[in-house]
Amino acid sequence: MSRTICILVAVMSLVACDKKKTDTVPAAAEATTAAQAVAPVAPLTEHDAEEVFRGWVDAQNTGDFEKYSALYAPKFEGVKRVGAKTSRFDRKAWLEDRGRMFQKGQQVSAEEPKFVVSGDTAVVRFTQRWETKTFADVGPKVLVVAKSPSGVQIVREEMLKSNVLSARERELDANRWAPVVLEEFVVLDDQIKPEWLLDTHRLVGEQPMIGALAVAETWVDVAKLPVTFKTLKARTFTVQGTQECRATVQGFRVLARVTPHFGMVQDWQERPSTKTSAHEIAAEIVALAGDQRVLVAKLDKACPGAIWAHSIADSSLEVFTQEQAETPPVDVMEVIRKTPAFDAIEKQAREFGRDGWFPSEGTMKRFTAGKRVYGVIATKVGEGCGNFYAEYSAVLDISGEPKLLYDNSMGPFLDVQSIVASNNGVAFFGTDHEATLKGDQLDVVLSWAAPYLDCPC
């Protein structure tokens, strides 16, 4: 009897042990799974946030909506501001709204990003400029990026303030390119508003004259400048001239340039060389220039032979190659002889007893980029002062049969020095004007011409 009991107890003990093992294995597995689920995610790094940020910008500029969508977390909130209007979205509604924008095609620049990282979250603050062919705004923006087991994604996006840009501000977009004068001033605007100005005038150089021009500057109240301009402070530009140069914006000025009467120059030279005298002369130059002044961004150094500058890396940017000047072909001459400006000069020439006026040494500059070719004629003839004088300029598309894009009938004398093209259009930089190609004509959008007040006789 006792033997039977012992065997029974032993069997029961084995069953109990097996049951215990069976019960504890799943419990251990569940504990391991739970531990893995709450295992801490490696902290987010600034490099992680930068990758998301750069990918976000790139996806918009390349039109990659699939890549763009993948950057947004399932639990996302977006705040959109356009001018005074504010709208809030969840992820689904945000991507629906953005999808419509992608269909229109947009260009986005995100300037001066600042990253603040804490644990698995990063806040990115920057100035965004967003534009299509018909709309543009600029303002401060914030992205919140978070890291989870599924990756690094955007959990919040908010445009803090939207400054809608006028058509003029879009045309004079120094974020992409702008002309440079005196090798160290980026020209931003030729329409000066009185509220920008401070009552401080100063000569740009040690003497009033820089070459044939008297030059002075007026200080500005930066806080009152348009946002699209004042955000250029501390921006680095690539400057194109006799050699490529990189320079950074120090500040802003309103520049006055004028060719004064020789009697004024003589008077200035006879004045005592003092700070008071220099300030007085600067004020006189500003008064002589009147409304023909320009807002400029001053660079931290002069760039030799500077013609234009740009501050955004643009893979579509293409600079036309200038070939050696040549005598205008017959078909080009046939086109320009039919223009009202050329005909008016012919009539004036006949009044002075001249048989024709276009000089035998008149030349045409040829600018080429791939299959696109432009011809530029800019010539001045005569002495004036009671004698015959004429000036004529023309720009033609000579990629095929010559087509007139611009001449004096459409605006001022335009002597093109450089041509630049990108996805945003084609810009023609002259000695004192910038024009852009709109349809089949050039439109002068910016002028920094200096008033001529001298007498050459």
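Helices (H or I, at least four residues) and strands (E, at least two) are DSSP runs, numbered from the N terminus. The model is a predicted one, in which local features need pLDDT of at least 70 and side-chain atom pairs count only at pLDDT 80 or more, while totals for chains, interfaces and linings use all residues. Residues are numbered from 1 along each chain as its sequence is written, and side-chain values use heavy atoms, with hydrogens and water left out.

**Exercise 1. Locate Asn-408 and list what its side chain and its other atoms meet.**

Step 1. Asn-408 is found in the loop between β22 (403-407) and β23 (416-422).

Step 2. A polar contact is a pair of N or O atoms within 3.5 Å, where within protein one must be able to donate a hydrogen and the other to accept it, and where residues adjacent in sequence count only if both atoms are side-chain atoms. By this criterion the side chain of Asn-408 meets the side chain of Ser-393 at 2.7 Å.

Step 3. Contact means heavy atoms within 4.5 Å. Not counting residues up to four places away in sequence, Asn-408 touches Ala-341, Glu-391, Tyr-392, Ser-393 and Phe-413.

**Exercise 2. Describe the surroundings of Glu-391, and decide whether Glu-391 is buried, partly exposed or exposed.**

Step 1. Glu-391 belongs to strand β21, which covers residues 389-397.

Step 2. Buried means under 20% relative accessible area, exposed over 50%, and partly exposed in between, with a 1.4 Å probe and protein chains only. Glu-391 has 30% relative accessibility and therefore counts as partly exposed.

Step 3. When residues up to four places away in sequence are not counted, Glu-391 touches Ile-345, Thr-379, Lys-380, Asn-408 and Phe-413. Of these, Thr-379 is 12 residues apart from Glu-391 along the chain, and the two C-alpha atoms are separated by 5.7 Å.

Step 4. The side chain of Glu-391 also makes a polar contact with the side chain of Tyr-389, at 2.9 Å.

**Exercise 3. Trace the open sheet that contains β24, from one edge strand to the other.**

Step 1. Two strands pair if DSSP finds at least two bridges between them. The sheet has five strands in the order β17-β23-β24-β25-β26, with antiparallel pairing, and its edge strands, β17 (318-319) and β26, each pair on one side only.

Step 2. At the β17 end, two bridges join β17 to β23, and Glu-318 stands opposite Ala-421 in β23.

Step 3. Strand β24 (residues 425-430) and strand β25 (residues 433-438) are antiparallel and share three bridges, with Phe-429 having Glu-434 of β25 as its bridge partner. These two strands form a hairpin with two residues between them.

Step 4. From β25, six bridges lead to β26 (residues 441-447), where Gln-441 is the bridge partner of Lys-438. This hairpin likewise has two residues between its strands, and Gly-439 in the turn has a positive phi of about 70 degrees.

**Exercise 4. Characterise the disulfide and state which parts of the chain it ties together.**

Step 1. A disulfide is a pair of cysteine sulfur atoms within 2.5 Å. The structure holds one, formed by Cys-245 and Cys-303 with their sulfur atoms 2.1 Å apart.

Step 2. The angle about the S-S bond is -55 degrees, and the link of Cys-245 and Cys-303 is left-handed.

Step 3. Cys-245 lies in strand β14 (residues 245-258), whereas Cys-303 lies in the loop between β15 (293-299) and β16 (308-310), so the pair ties together parts that are 58 residues apart in sequence.

Step 4. Both Cys-245 and Cys-303 are buried.

**Exercise 5. Compare the span of helix α8 with its expected value, and find the elements against which its buried residues pack.**

Step 1. The expected span of a helix is 1.5 Å times one less than its number of residues. Helix α8 (residues 275-289) has 15 residues and reaches 21 Å from its first C-alpha to its last, close to the 21 Å expected.

Step 2. The buried residues in α8 are Ser-277, Ile-281, Ala-282, Ile-285, Val-286 and Ala-289. The buried residues of α8 pack against β10 (197-203), β12 (213-220), β14, α7 (262-270) and β15.

Step 3. Following α8 comes Gly-290, with a positive phi near 60 degrees.
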